Amino acid sequence: MEIKSMYFKANASLKLADPVLQGNLKAVRGKFVEKRIEALKELDDVEATRDAATAIRRRVTDNLDVWLEHFEQNAVAAGATVLWAKDGAEVCRLVIEIARRHGVSKVVKSKSMLSEEAGLNKALEAAGIQPVETDLGEYILQIDGNEAPSHIIAPAVHKSLNQVADLFHKIHGTPRKTDISALTREARDVLRSHFLTAQMGRTGANFLVAETGSVALVTNEGNGRMVTTLPPVHVVVSGIEKVIPTLEDLATLMRLLPRSATGQSISNYLSVLTGVRMPDEQDGPDHLYVVLVDSGRADLVGSDFHEMLNCIRCGACMNHCPVYQTIGGHAYGWVYPGPMGSVLTPLYRGLDQALDLPQASTLCNQCGVVCPVRIPLPDLLRKLREKQTEQGLRSVSERFGLRLWSWLAQKPQLYSLAARFAARYLAWLAGGEDRIRVLPVFSEWSLGRDLPAPEGRTFREIHARRKKQALKDVATALRKEGR
Amino acid sequence: MRVGLFVTCLVDLMRPSIGFATIKLLETAGCEVVVPAVQTCCGQPAWNAGDAAGAAALAKKTIAEFEAFDYVVVPSGSCADQIRTEYPCILSGQPGWATRAKVLAGRTFELTDFLATVLKTDRVPGRLEATVTYHDACAGLRSLGIKTQPRELLALIPGVRLKEMSGCEECCGFGGVFSVKFGEIAASIAERKCENILASGAQTVVGGDLGCLLNIEGKLRRMGHDSITVRHIAEILAGE
């Protein structure tokens, strides 16, 4: 997927000025938050479960190579072909090769964010192979001119019911309807024929289970089942970090994933797919390929950002992020929005490709406290800011300003003078009012807010004056007594 | 008990009355309050901007100035958190300083935490007849666990009726430098906070961090709501 993260700020402005989007964001705001709280109440001990989940993820990412080999061995034993791709281009090349080998002209796809990273749909189309999205949200986006997802688990969350109604009416040529189940039925009718005619099914993986060589898929609509059982060829595209040791670990993680993601106790479907269809089995593909993709992940092993590999892609961080809630996912400019995206985008695509993302956070740590695997997202964002500074990627004025301030703060007398000047200057700007309406220098403040007027003198100067006065009073009193 | 007051750069610059209210509260509770005149900033802006060297220099400066006190009290959860949580991190690689940072961290408290948890204050000088709502600032709440302390203290003033707003734990959008780097986004987040404040029906919004309060007051005024007062909890408790 083409990266547009360098235009974050301008795009965020556009999103803020879009009344339809703002309405849609407002309508969904808080829904995931409340449902998550309710769903987590069902667990006996949420914190212990989070600890266990974190330990599982750490166990794997600390020895990723070993667990990947385990997975590969067992997947191959079950009849799968395991392929390795170092980047998105290689993913596209491999999948197109597989498609050609099996004479595929149509691919039905269940959700996969890694495919978005690789731009796989576009590459397939260019190779003359038709990709069909079958997740309802993704399908909506595909028929709306291949719009990008704005959320990792609810890709069309930025769209309203009315927008979808208009879209279906326009694309399907059916009478316009706003009944959700009728719209869903309509999409289902359209998709059914694709399921039956596609020669290849394509999915991502929520987890790869090493001990059995299985691919675990968490879905809600049943499209995942169709994609993985109807076509003769199934291709899984997964990041190398998705591996977990055992099925029991899967059970532990599944206690947290749907609850953290959508606030569901359990997703409607959990598929654990192991190998190809055996002669005595009814369902499953004749050919199963698992493409394991690096695309920047191996570089994170042992780095300052290692913990990001533990991410289970639940989306809780974005659901709880005040910035995401305000601007939606598109402004982030690449596949992953919200706090996890603000960490991953610069790491996978280059620090200089996403300068705003690590900065565009209040570091409120709402993301950190809801992360089921305890990734300290604000710390990682701060570390990315540090890397930007180290590599000279911040603007000259910012670096100079920061250095000047930092130098000043180490010189108490000078700092005190500067603070006195600033207090008077700000009071003068207020011009007798209780607020400053237009703030120079830090002018962004006054874009949407006033600045309350300062008292006009600094605490330290008033305190020093009062102390002096008190001493004088004591001296006077002593003199009087002496007399 | 000798208490060092770390007044914070925002209170120093914008609203000294919060500093004096803090002194009054501490003295009323029987503390000897000392204000080191050489104090400046805790270094959080540098740390959050990715300037680790600048942050370390200011951390050392603050440690040297405050380590002699029995306690250090800060009228801000955010700055207290910088000293308590971040200083030991920032200086972890420097043996002597790492220990000093940890010692100071253990003695440093946000104001309401200090009053409620350490001093177990059961009387405050403040008098007020009003319905108030409390904004939980992020660092204080999520890092220092400050939630019940300010509410317990407010309950000591008979005329204060606390009406919780929805989303009281949500960020107001201040975020330090974020508020001037991404002004539009910050203002939009603040708008949501203000809508919740308005919906609560409270006449006064109270908080423990001046950064949030400037952001909230600035947004309320821009939205045209002049009648709602925005106060730091120290001012309310001290009756200043």
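A residue is buried if 20 or more other C-beta atoms lie within 10 Å of its own, exposed if 12 or fewer, and partly exposed in between. Keep that cut-off at hand for these exercises on a predicted model.

**Exercise 1. Describe chain A as a whole, and find what share of its residues count as buried.**

Start with the outline: along the principal axes, the C-alpha atoms of chain A fill a box of roughly 115 × 55 × 45 Å. Next, the secondary structure of chain A comes to 21 helices and 12 strands. Now apply the cut-off: 47% of the 483 residues of chain A count as buried. Finally, turn to the contacts in chain A with a separation of 6 or more: 74% of them link residues 24 or more positions apart.

**Exercise 2. Place A:Tyr425 and decide whether it is buried, exposed or partly exposed.**

First locate the residue: A:Tyr425 sits in helix H20 (residues 412-430) of chain A. Then count its surroundings. A:Tyr425 has 13 C-beta neighbours inside 10 Å, so it counts as partly exposed. To finish, look along the chain: A:Pro454 is 29 residues away in sequence, and 9.5 Å separate the C-alpha atoms of the two, A:Tyr425 and A:Pro454.

**Exercise 3. Work out which residues of the largest nonpolar core touch the most other members.**

This core holds 202 residues, and those touching the most other members are A:Val91, A:Val291, A:Met308 and A:Val343. Its largest share, seven residues, is supplied by helix H11 (residues 183-200) of chain B. Take A:Val91 as a worked case: leaving aside residues up to four places away in sequence, A:Val91 touches A:Ala85, A:Ala118, A:Leu120, A:Val237, A:Val291 and A:Val293. As background, nonpolar side chains tend to be buried together in soluble globular proteins.

**Exercise 4. Trace the two open sheets of chain B and identify the edge strands of each.**

Begin with the sheet of order E2-E1-E3-E4 (chain B), an open sheet of four strands with parallel pairing. Strand E2 (32-34) and strand E4 (108-110) of chain B are its edge strands, each pairing on one side only. Inside this sheet, strand E1 (residues 2-5) and strand E3 (residues 71-74) of chain B run parallel and are joined by three bridges; B:Val3 stands opposite B:Tyr71 in E3(B). One helix to add is H5(B), which lies across E3 and E4 of chain B and runs at about 160 degrees to E4(B).

Move on to the other sheet, where four strands in the order E6-E5-E7-E8 (chain B) pair in parallel and form an open sheet. Strand E6 (160-162) and strand E8 (229-232) of chain B each have a single partner strand, so one side of each lacks a neighbour in the sheet. The twist here averages 35 degrees from one strand to the next. Three bridges connect strand E5 (residues 130-135) of chain B with E6(B), and B:Val132 has B:Leu162 as its bridge partner in E6(B).

**Exercise 5. Find how many residues meet between the domains of chain B, and between chain B and chain A.**

Set the bounds first: chain B is divided into domain 1 (2-118) and domain 2 (130-238). The centres of these two domains of chain B, taken over C-alpha atoms, are 22 Å apart. Across the boundary, 29 residues of domain 1 of chain B are in contact with 23 residues of domain 2 of chain B. The domain 1 side divides into 13 nonpolar, 10 polar and six charged residues.

Between the chains, 52 residues of chain B are in contact with 51 residues of chain A. On the chain B side, 26 residues are nonpolar, 14 polar and 12 charged.

Definitions and conventions: Residues numbered from 1 in each chain as written. Chains lettered and ligands numbered in written order. Predicted model: local features only at pLDDT ≥ 70, side-chain atom pairs only at ≥ 80, totals over all residues. Core = buried A, V, L, I, M, F, W, Y, C linked by C-beta atoms within 7 Å. Contact = placed C-beta atoms within 7 Å. Domains from an automatic or database assignment. Nonpolar A, V, L, I, M, F, W, Y, C, P; charged D, E, K, R; others polar. Pairing = 2+ DSSP bridges. Axes fitted to C-alpha atoms, helices over the stretch in contact; angles between N-to-C directions.
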